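Visitor: I'd like a close look at a single part of this structure, at the level of its residues. Please walk me through one pocket, then add whatever else helps to place it in the fold.

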Amino acid sequence: MANYLTSSRVNISLLQENAAKDLISLLDKCDGPKVIILDEGLTRPIGLIATYSLLREHDVKEVFILNTGKLSNFREKVKNVIFITRPFLTHMDMICDNIHKENQDDLKQREYHLFFVPTRSLLCEKRLERKGVLGNFVLIEEFCCFLFPLENDLMSMEMNNCYKELSLENDPTCLYRVAQAIVSLEDLYGRIGRVTGKGPVVKQVWDLVSKISLEPRKPSSKANRNYKTIDHLILIDRSVDLMTPMATQLTFEGLIDELFGIDCCTVELPANKFVSEEDNANTLTCKKLVLNSNDEIFAETRNKHFNAVLMNLSKRAKHITSEYDENRSGKTVQEMKQLVSRLPYMLALKKQLSTYTTVAELIKELTDKTSFRDLINVQQELILGIESDKVLPQIEDLISNKFDPITVLRLICMQSAVNSGLKQKTLEYYKREIIQVYGFKHLITMTHLENAGLIKIQANSRSYAVCRRLLNLDVYEMSEVEPDDINYVYGIYAPLSVRLIQHISKSDSKILSDVLPLLPGPIVEHVNPDVDQASNISFLADSQKVVLVFFIGGCTFAEISALRFLSSLEDSTIEYVIATTNITNGNSFLKSLLIPEINKNLNK
């Protein structure tokens, strides 16, 4: 399995190995050659736990994407057709369409199987029964993979609509899955010693965890042995901090996500920027780049402020060139052997440098534009609270020029967050302008944003202003190259969520007693008396604590970078590991709340 997943005290490769083992166990129940029909949204998550070569070893001949119409013609004759999908009714309709359009010979010769990820759905099975295809399935199973490993300190459930389901649809299904994910982590890493949470849904999640924990566990579960790897679990409801996702991330990885979109560690970039002399430029439209710490250069630069990245890449290039020249000048046989042994490593580094320098140049082209710089200036003025309680002329100008509506909505949501709501007249003005310029359908958009808590009418209390002061959220003077605080990830803004986690980890009761009552939702505090402290894998009294932070509703790459920064500090006694329902940014967060018709128009 992937080496880059093993360098943390919480060995994330165990999660990958366990998921791969469960998937293979399910596949082996279908004896003979097989074809997998995979839900498109699962292609990259499944790829994180099982490579195509591993599937081939277990008689998987081909993998196709689930779609409507007749199944593709298979290159080889197969006995088993396996559908692997999330429990969505739209996907059930596609599967029904596939089977209805199979000819009679195929229906007789093939066996059809259905694996739900992560759990079965009675509603989905009823849909299959109503459409007359339930009886075609020999096996209906569930592949209980709740978390997918992205990094040695990062796991994601890849539930991109979690916040929408909770805030707009009042569907708590994702909370049960979050609880199941936490229990599955206890099975792998042992009981969690202490739990702290804040937000409207965290109590519901922890109550579900407590109920599920009463059920019998697998014999192999480490939760049965009072074994402990994770000292502290912090549950953060996204609605506690809706300001952070709206701000533009300024780390290298954060900007890649903002400008190009990262999906399960993969980004698609314009291929013409990467074409070498050997490549045929006409055959490539986009270059898929896998972003993880397996690449040494990306591991060094991903969490840095973008202004420090090009400088870092330049220094690294000079260092590699000088090292290569120095080794090449070696006279003895031993020195030449050392050069030959290091040559593949140095060539790989050189290739990585070339790739990430090109990525940085692509980003620089976009961030050097006046429109981008103006946008950052407006955001920073909002963060600092400069005349932010009235209709902003900058937002007016963007609307009148028919600028990208998502960018406009992000600024309005930021203004609402920093002022603990908008004045009635201001909100009504923005609504009227947006509907007149972008169309009447955006009345639904504004209603959705209000229902989701991103825009609201200003109340008497200014809770955000108090939090900003108590938590020191805006730090104007800072170094982008050698930062000494987490605010560098957004320029001058320290994410409220991470500041809160920082104080919870240190049990800073003085600050917490003032701040927590100002934030929405109840507080959860639980200490597990059954966990034997002596069984901790660390035997040193001054060793680092492992704190698992679980974001319910999504988190950004900038928040992840901020937590990594806190772990890396010299005087840090805490190692943070992050789990999240999904990784988001302001664009994807808002798009998840829009109606499909508007999203289609935005993607054109």
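Guide: Here is the pocket, followed by some helix packing and two backbone details.

A word on the basis: this is a predicted model, in which local features need pLDDT of at least 70 and side-chain atom pairs count only at pLDDT 80 or more, while totals for chains, interfaces and linings use all residues. Numbering starts from 1 along each chain as its sequence is written, and side-chain values use heavy atoms, leaving out hydrogens and water.

Let's look at the second largest pocket, which has a volume of about 930 Å³. (A pocket is an open set of points on a 1 Å grid over the protein atoms alone, where a 1.4 Å probe fits and protein lies on both sides within 12 Å along at least five of seven lines; lining residues have an atom within 4 Å of a point. Points are joined across faces, edges and corners, and the volume is the space filled by probe spheres set on them.) Thirty residues line this pocket, and those nearest its centre are Asn18, Asp22, Ser184, Asp187 and Lys218. Two or more lining residues come from each of helix 1 (13–27), strand 5 (137–142) and helix 8 (173–189). (Helices, H or I with at least four residues, and strands, E with at least two, are DSSP runs numbered from the N terminus.) Helix 1 gives the most, with nine residues.

In character, the lining of this pocket divides into 13 nonpolar, six polar and eleven charged residues. (Ala, Val, Leu, Ile, Met, Phe, Trp, Tyr, Cys and Pro count as nonpolar, Asp, Glu, Lys and Arg as charged, and the others, Gly among them, as polar.) At least three lining residues come from each of domain 1 (12–145) and domain 2 (146–216 + 227–241 + 486–603), with bounds from an automatic or database domain assignment.

Back in the loop between strand 4 (111–116) and helix 6 (122–130) sits proline 118. A cis peptide bond, with omega about 0 degrees, joins valine 117 to proline 118. Cysteine 264, in the loop between strand 10 (262–263) and strand 11 (266–270), has a positive phi of about 55 degrees although it is not a glycine.

Now for some helix packing. The axes of helix 15 (393–400) and helix 16 (405–418) come within 10 Å and cross at roughly 160 degrees, which makes helix 15 roughly antiparallel to helix 16. (Axes are lines fitted to C-alpha atoms, for helices over the stretch in contact, with angles from 0 to 180 degrees between N-to-C directions; under 35 degrees is roughly parallel, over 145 roughly antiparallel, 65 to 115 roughly perpendicular and the rest oblique.) Helix 15 and helix 17 (424–438) also have axes that come within 10 Å, crossing at roughly 20 degrees.
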